[in-house]
Amino acid sequence: MGRVRIATWNVNSVKQRLPRLLPWLDERRPDVVCLQETKLTDEAFTGLLGDELASRDYQVAVHGQGQWNGVAILSRAGLDDVVTGLADGPGFPQPEARAVAATCGGIRVWSVYVPNGRSPGSEHYQYKLAWLKALTDVVAAGPEAALVCGDMNIAPADADLFDPAAFVGQTHVTPPEREALARLEATGLHDVVRDHWPSEQVFTYWDYRAGMFHQNFGMRIDLVLASDPVAPRVKAAWVDRQARKGTGPSDHAPVIVDLDAAPDGDIGPMVPPPSASRAPKRPVKLPQAPKS
DNA sequence: ATGCCTGAAGGGTTCAGA
């Protein structure tokens with residue numbers, strides 16, 4: 001098929017994000033959308049926006065739960081062989097709604113929300129590493145044409161942080177997390193945004209607090225990983241920072257990838273990475289969990 | 001020294017997020 005636009009977006013509650021999500025779908029017109037942190041049961045998801053998505057010709061694969069987590073795939077490029085969850089994946093302690101897969105336009109598409117990890121060495125951190133191993137096994141056993149999209153909760157390199165010094169000792173940057181991500185990529189996946197912007201500062205997440213977005217103090221933790229047969233088809237790969245601006249945004253911006261053809265002129269501007277933020281004048285102290 | 005903002009559940013506050 002021709003051009004296919006694929007996007008991934010941690011919306012931080014699809015219910016709260018509806019006034020941003022629907023106009024964004026109409027403006028960017030993605031063919032396949034991977035959502036994370038939907039925070040709705042499947043029934044609530046369908047009740048809330050089933051009609052809105054159907055009227056835009058999207059088929060929907062949802063895997064949600066109440067309150068936390070939740071992933072989905074919207075597609076008007078086909079939606080076959082839907083699988084929810086990770087086979088033999090770990091729970092915390094029960095399995096959580098963090099992965100859904102479907103075949104869209106001949107590509108096995110995964111929408112994933114990797115566990116946060118909370119603090120290095122914690123039970124949740126071990127869960128995160130085990131979850132990544134289960135994802136790696138399932139992707140390795142799957143079709144060759146694949147896209148793994150979502151919130152990895154890992155900054156692949158220090159270049160993906162506004163201030164690496166601020167993250168020392170935190171999750172998202174520890175060697176075991178980065179090694180787990182590298183093992184996933186070693187199944188034959190390419191980080192297409194980094195490949196297209198090899199030396200640019202590109203972020204996908206900015207904390208809501210303390211004007212972090214305004215200062216461009218962000219992280220790149222939302223990734224599109226394309227398998228060997230798919231990666232050469234990538235014609236554009238960018239972060240839609242417009243979606244992080246304005247009223248009622250998610251704390252994450254969408255990542256948009258076009259396969260095979262350059263985007264048409266009528267689907268909105270290509271947004272280049274912002275100019276590099278200046279290094280903080282003073283060391284930036286990240287919020288810490290309160291001591292128990 | 002600090003969870004500084006946001007969302008969810010549920011209840012007058014707490015937990016989770018990265």
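How many bridges join β3 to β4, and in which sense do the two strands run? In this predicted model, β3 and β4 run antiparallel and are joined by 5 bridges. One pair across them can be named: valine 62 stands opposite alanine 72, which belongs to β4. In general, the strands of a sheet pair through backbone hydrogen bonds, in either a parallel or an antiparallel manner.

These two strands lead into a wider sheet. It is an open sheet of 6 strands, in the order β3-β4-β2-β1-β14-β13, and its pairing is mixed. Because β3 and β13 (234-239) stand at the edges with a single partner strand each, one side of each is left without a neighbour in the sheet. From one strand to the next, the twist averages 10 degrees.

A second open sheet also has 6 strands and mixed pairing, with the order β5-β6-β7-β8-β12-β9. Its edges are β5 (80-84) and β9 (189-191); each has a single partner strand, so one side of each lacks a neighbour in the sheet. Here the twist averages 20 degrees from one strand to the next. Within this sheet, β6 (residues 99-104) and β7 (residues 107-113) pair in the antiparallel sense over 6 bridges. Valine 100 has serine 111, in β7, as its bridge partner.

Alanine 72 brings several of these residues together. Leaving aside residues up to four places away in sequence, alanine 72 touches Leu35, Thr38, Phe45, Val60, Ala61, Val62, Val100 and Ser111. Alanine 72 is also one of the residues, with Val109, Leu147 and Val224, that touch the most other members of the largest nonpolar core, which holds 83 residues. Helix α3 (residues 123-140) gives this core its largest share, 6 residues.

Phe45, among the contacts of alanine 72, leads to helix α2. The buried residues of α2 are Phe45, Leu49 and Leu53. In an α-helix there are 3.6 residues a turn, so residues three or four places apart point the same way. The buried residues of α2 pack against α1 (14-28), β3 (59-63) and β4 (71-75). Helix α2 (residues 42-54) has 13 residues, yet its end C-alpha atoms are only 15 Å apart, short of the 18 Å that a straight helix would reach. The helix has a kink of about 50 degrees, centred on leucine 48.

Finally, the chain may be considered as a whole. Chain A contains 5 helices and 14 strands, and 44% of its 292 residues are buried. Among contacts in chain A with a separation of 6 or more, 73% involve residues 24 or more positions apart.

How values were computed:
Residues numbered from 1 in each chain as written. Chains lettered and ligands numbered in written order. Predicted model: local features only at pLDDT ≥ 70, side-chain atom pairs only at ≥ 80, totals over all residues. Helix = DSSP H or I, 4+ residues; strand = E, 2+ residues; numbered from the N terminus. Expected span 1.5 Å × (residues − 1). Bend = angle between axes of the 7 residues up to and from the residue. Buried ≥ 20, exposed ≤ 12 C-beta atoms within 10 Å, placed from the backbone. Contact = placed C-beta atoms within 7 Å. Core = buried A, V, L, I, M, F, W, Y, C linked by C-beta atoms within 7 Å. Pairing = 2+ DSSP bridges. Axes fitted to C-alpha atoms, helices over the stretch in contact; angles between N-to-C directions.
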